[in-house]
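Colleague: I have just opened this one and would like a walk through it. Could you take me around it step by step?
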Amino acid sequence: AKIRTNDRVHFVDAALSAQYQEQLLLESEMQLALAEQQIEIFYQPQVDGATHHMTSVEALCRWNNPRLGYIPPDVFIAIAEKTGGIHALGDYVLSQACSEIHCLNRSLQQPLMLSVNISPVQLMQPDFVERIAQIVTQSQLPAELLTLEVTENVLIDDTDKVRQTLNELKALKLHISLDDFGTGFSSLRYINSLPIDEIKIDRAFINDMLQNPHSMNVTRTIIAMGQFNQMKVVAEGVETDEQQAWLTEMGCQLLQGYFFSRPVPLDKLKPMLTLKQTT
Ligand code: C2E
Ligand code: CA
Ligand code: CA
Ligand code: CA
């Protein structure tokens, strides 16, 4: 029995250390990633439910490492949050996306809006608002075209600090969106007291709402709550025509998901848009 116990301990040890090694490797590779321009930004369209016109795009970063291959953002963002690399990464994504969309907008009849994900670690940084203001000004994208997406769980961290930060962002004319909505524990009353312009229904609910009455109820309730509070509602992860039809029927204004388009690089986005007539 002793030997078996030892074996198990040894096995757990080895597994932990393998995980740790992998994390160390990713950490050191991440430091090179920005310098070597390995990180790319893809854009996923958000469409108006009534007209199916693209009104906005969400920036999603992509990391293809020459040695390790494709690493999903969930994985490397979690590491960047631990190491502090998230600040440089977040600044890079924001600055790049704002500049690219500002430039694209010059060729469009209707300007596109842009949504950028912000990590809670960034939001809690003391100079966060100044950094954002500086990057947005430099990019020349009008602030009212930019939406910052924060997850619902950021709201329960330090409520006074969060409230102040969100108010300062609103004073800059930026929009605030609550991502992955419905999965957290924030109370409705609390959310209504914050300057929130948009909520995004978590894709887990959209994914099974046609099979699961609970998910359908949550979806319906969030749409109604958004309408009642004059907040935009986005359904994310829309994959089928049937989901799209139901959501539109229920009054969800904005839709995002593979049914309309996967996240694409900038040059694949352009052909999906109505270009300005050159006269
Ligand atoms: P998120 O912000 O909730 O982004 C939506 C995720 O759902 C994206 O995954 C997107 O590609 C995926 N998605 C969109 N439509 C569909 C669909 O119809 N079906 C399915 N199955 N998936 C769909 P992605 O790009 O892998 O990003 C994962 C997460 O990584 C994001 O979740 C976000 O939390 C984080 N992330 C990505 N880019 C950034 C960034 O620049 N900064 C920060 N802080 N986080 C980011
Ligand atoms: Ca998001
Ligand atoms: Ca989301
Ligand atoms: Ca998410």
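Modeller: Below we talk through confidence, the calcium ions, ligand 1 and the salt bridges.

Colleague: Before anything else, what is the mean pLDDT of the chain?
Modeller: This is a predicted model, and the mean pLDDT of its chain is 91, with 92% of the residues reaching 70 or more. The scores for the model are ipTM 0.98 and pTM 0.93.

Colleague: Now the metals: which residues coordinate the calcium ion (ligand 2)?
Modeller: The donors to the calcium ion (ligand 2) are Glu58 (OE), Asn117 (OD1), Glu149 (OE) and Asp179 (OD), at 2.1 to 2.4 Å. Written along the sequence, the spacing of these donor residues is E-x58-N-x31-E-x29-D.

Colleague: Where do Glu149 and Asp179 lie?
Modeller: Glu149 lies in strand β5 (residues 146–151) and Asp179 in strand β6, so the pair ties together parts that are 30 residues apart in sequence. Both Glu149 and Asp179 are buried.

Colleague: How far apart are the calcium ion (ligand 2) and the calcium ion (ligand 3)?
Modeller: They are 4.1 Å apart, and Asp179 coordinates both ions. The calcium ion (ligand 4) is 5.9 Å from the calcium ion (ligand 2).

Colleague: And which residue provides the protein donors of the calcium ion (ligand 4)?
Modeller: Asp180 does, being listed with two OD donors that lie 2.6 to 3.2 Å from the calcium ion (ligand 4). Asp180 is found in strand β6, which covers residues 175–181.

Colleague: Switching to ligand 1, which residues come nearest?
Modeller: Of the 21 residues around ligand 1, the nearest are Gln44, Arg62, Asp179, Glu239 and Tyr258. Asp179 is also a donor to the calcium ion (ligand 2).

Colleague: What about Asn117, how far is a polar side-chain atom of that residue from an oxygen atom of ligand 1?
Modeller: That separation is 3.0 Å for Asn117, while an N or O atom in the side chain of Glu58 is 3.3 Å from an oxygen atom of ligand 1. For Asp74, the corresponding side-chain distance to an oxygen atom of ligand 1 is 3.4 Å. On its own ligand 1 has 800 Å² of accessible area, and the protein covers 85% of that.

Colleague: Next topic, how many salt bridges are there?
Modeller: The count comes to eight salt bridges. Side chains of opposite charge can pair when their charged atoms come close.

Colleague: Which residue does Glu29 pair with?
Modeller: Glu29 forms a salt bridge with Arg67, and their closest N and O atoms are 2.8 Å apart. Because Glu29 sits in helix α1 (residues 2–35) and Arg67 in the loop between β2 (54–65) and β3 (69–71), this pair ties together parts that are 38 residues apart in sequence.

Colleague: Is Glu29 itself buried or exposed, and what is the value?
Modeller: Glu29 is buried, with a relative accessible area of 8%.

Colleague: Which residues are linked in a network of salt bridges?
Modeller: The network links Glu58, Glu149, Lys200 and Glu236, and of these Glu58 and Glu149 are also donors to the calcium ion (ligand 2). Within it, the side chains of Glu236 and Lys200 meet in a salt bridge at 3.7 Å, N to O. Glu236 lies in strand β8 (residues 232–236) and Lys200 in strand β7, so the two tie together parts that are 36 residues apart in sequence. Lys200 counts as buried at 0% relative accessibility, and Glu236 is buried at 10%.

Conventions:
Residues numbered from 1 in each chain as written. Chains lettered and ligands numbered in written order. Predicted model: local features only at pLDDT ≥ 70, side-chain atom pairs only at ≥ 80, totals over all residues. Heavy atoms only, no water. Salt bridge = Lys/Arg side-chain N within 4 Å of Asp/Glu carboxyl O. Helix = DSSP H or I, 4+ residues; strand = E, 2+ residues; numbered from the N terminus. Buried < 20%, exposed > 50% of the residue type's maximum accessible area, 1.4 Å probe, protein only. pLDDT = per-residue confidence, 0-100. Donors = N, O, S within 2.8 Å, 3.2 Å for Na, K, Ca; no water. Near = heavy atom within 4 Å. Polar contact = N/O pair within 3.5 Å; in protein donor to acceptor, adjacent residues only side chain to side chain. Areas by Shrake-Rupley, 256 points an atom, 1.4 Å probe, with all protein chains shown as cover.
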